[in-house]
Amino acid sequence: MIRVSEHTRASAEQVWFLYTDVAGWPRWDSELDACTLSGPFEAGTTGTLTPKGMTPIPFTLLHVDPFKSFSDETHLPGAVLKFHHTLEATPEGLKITHTIHLIGPDYDRYAATIGKSIAAHLPPALKKLAALAEAPVPA
């Protein structure tokens with residue numbers, strides 16, 4: 001499991017806007033070339049993630065609680081990546097937390113590569129997400 005949190009002055013609505021703009025995920029996640037969503041941002045909707053230098057990988061939104069949390073999962077041969085994103089009001093500001101679980105019989109095959117990459121790029125991705133959420137909206 002990998003869990004990273006970042007505090008922001010942005011509101012839950014500002015961060016949620018960036019979450020629901022799936023095509024815009026590469027703006028804050030530098031490991032992604034492109035993302036798509038084939039319907040509304042709700043449980044059961046599918047899409048694709050295209051990591052840098054790779055082909056598109058399908059994902060499914062599992063749970064969506066607007067302005068609070070959402071979960072998605074990506075199936076790999078012999079493993080599943082489960083992502084959980086939460087927004088929580090705290091005295092220090094809004095706390096953004098991303099938790100990633102890698103499970104399955106081929107866990108070891110992916111942990112040293114994908115797991116290591118996620119662990120390295122997740123902290124700067126959350127910092128970028130927070131900074132984008134805090135930025136003034138252009139008129």
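The exercises below, each with a worked solution, concern a predicted model.

**Exercise 1. The buried face of helix H1**

Determine which residues of helix H1 are buried, and how they are placed about the helix axis.

*Solution.* Step 1: locate the helix, which spans residues 12–20. Step 2: list its buried residues, namely Ala12, Val15, Trp16, Leu18 and Tyr19. Step 3: look down the axis of H1; the buried residues fall within an arc of 160°, and therefore they line one face of the helix.

**Exercise 2. The largest nonpolar core**

State how many residues form the largest nonpolar core, and which of them have the most contacts inside it.

*Solution.* Step 1: the core has 35 residues. Step 2: those with the most contacts inside it are Val15, Tyr19, Trp25, Leu87 and Ile96. Step 3: assign the core to its elements; H3 supplies the largest share, 8 residues. Step 4: examine Leu87 and set aside its neighbours within four places in sequence. Its contacts are then Ala12, Val15, Trp16, Tyr19, Phe67, Lys68, Leu94, Lys95 and Ile96. Among these partners, Ala12, Val15, Trp16 and Tyr19 are buried residues of H1.

**Exercise 3. The largest pocket**

Describe the largest pocket by its volume, its lining and the elements that contribute to that lining.

*Solution.* Step 1: the space in the pocket amounts to about 490 Å³. Step 2: 24 residues line the pocket, and Asp29, Leu32, Phe83, Ile118 and His121 are the closest to its centre. Step 3: the elements giving two or more residues to the lining are helix H2 (25–28), strand S3 (46–51), strand S5 (69–76), strand S6 (79–90), strand S7 (93–103) and helix H3 (107–134). Step 4: H3 gives the most, with 6 residues. Step 5: sorted by character, the lining holds 15 nonpolar, 5 polar and 4 charged residues.

**Exercise 4. Two residues of helix H3**

Decide whether histidine 121 and alanine 119 are buried or partly exposed.

*Solution.* Step 1: histidine 121 lies in helix H3, as does alanine 119. Step 2: the relative accessible area of histidine 121 is 13%; because buried means under 20%, this residue is buried. Step 3: alanine 119 has a relative accessible area of 38%, so it counts as partly exposed. Step 4: beyond its neighbours within four places in sequence, histidine 121 is in contact with Asp29 and Glu31. Step 5: relate sequence to space. Alanine 119 and methionine 1 are 118 residues apart in sequence, and their C-alpha atoms are 9.5 Å apart. For histidine 121 and glycine 104, the separation is 17 residues in sequence and 22 Å from C-alpha to C-alpha.

**Exercise 5. Leucine 76 and phenylalanine 67**

Establish where leucine 76 and phenylalanine 67 are found, and what is notable in the phi of phenylalanine 67.

*Solution.* Step 1: leucine 76 is found in strand S5, and phenylalanine 67 in the loop between strand S4 (57–65) and S5. Step 2: leucine 76 is buried, at 14% relative accessible area, whereas phenylalanine 67 is partly exposed, at 40%. Step 3: apart from neighbours within four places in sequence, leucine 76 is in contact with Ile57, Leu81, Tyr110 and Ile114. Step 4: consider the backbone. Most residues other than glycine have a negative phi. Phenylalanine 67, which is not glycine, has a positive phi, near 70°.

Terms used:
Residues numbered from 1 in each chain as written. Predicted model: local features only at pLDDT ≥ 70, side-chain atom pairs only at ≥ 80, totals over all residues. Heavy atoms only, no water. Buried < 20%, exposed > 50% of the residue type's maximum accessible area, 1.4 Å probe, protein only. Helix = DSSP H or I, 4+ residues; strand = E, 2+ residues; numbered from the N terminus. Arc of directions from axis to C-beta. 1 Å grid on protein atoms, 1.4 Å probe; cavity = no way out; pocket = protein on both sides within 12 Å on 5 of 7 lines; lining within 4 Å. Points joined across faces, edges and corners; volume = space filled by probe spheres on them. Nonpolar A, V, L, I, M, F, W, Y, C, P; charged D, E, K, R; others polar. Core = buried A, V, L, I, M, F, W, Y, C linked by side-chain atoms within 4.5 Å. Contact = heavy atoms within 4.5 Å.
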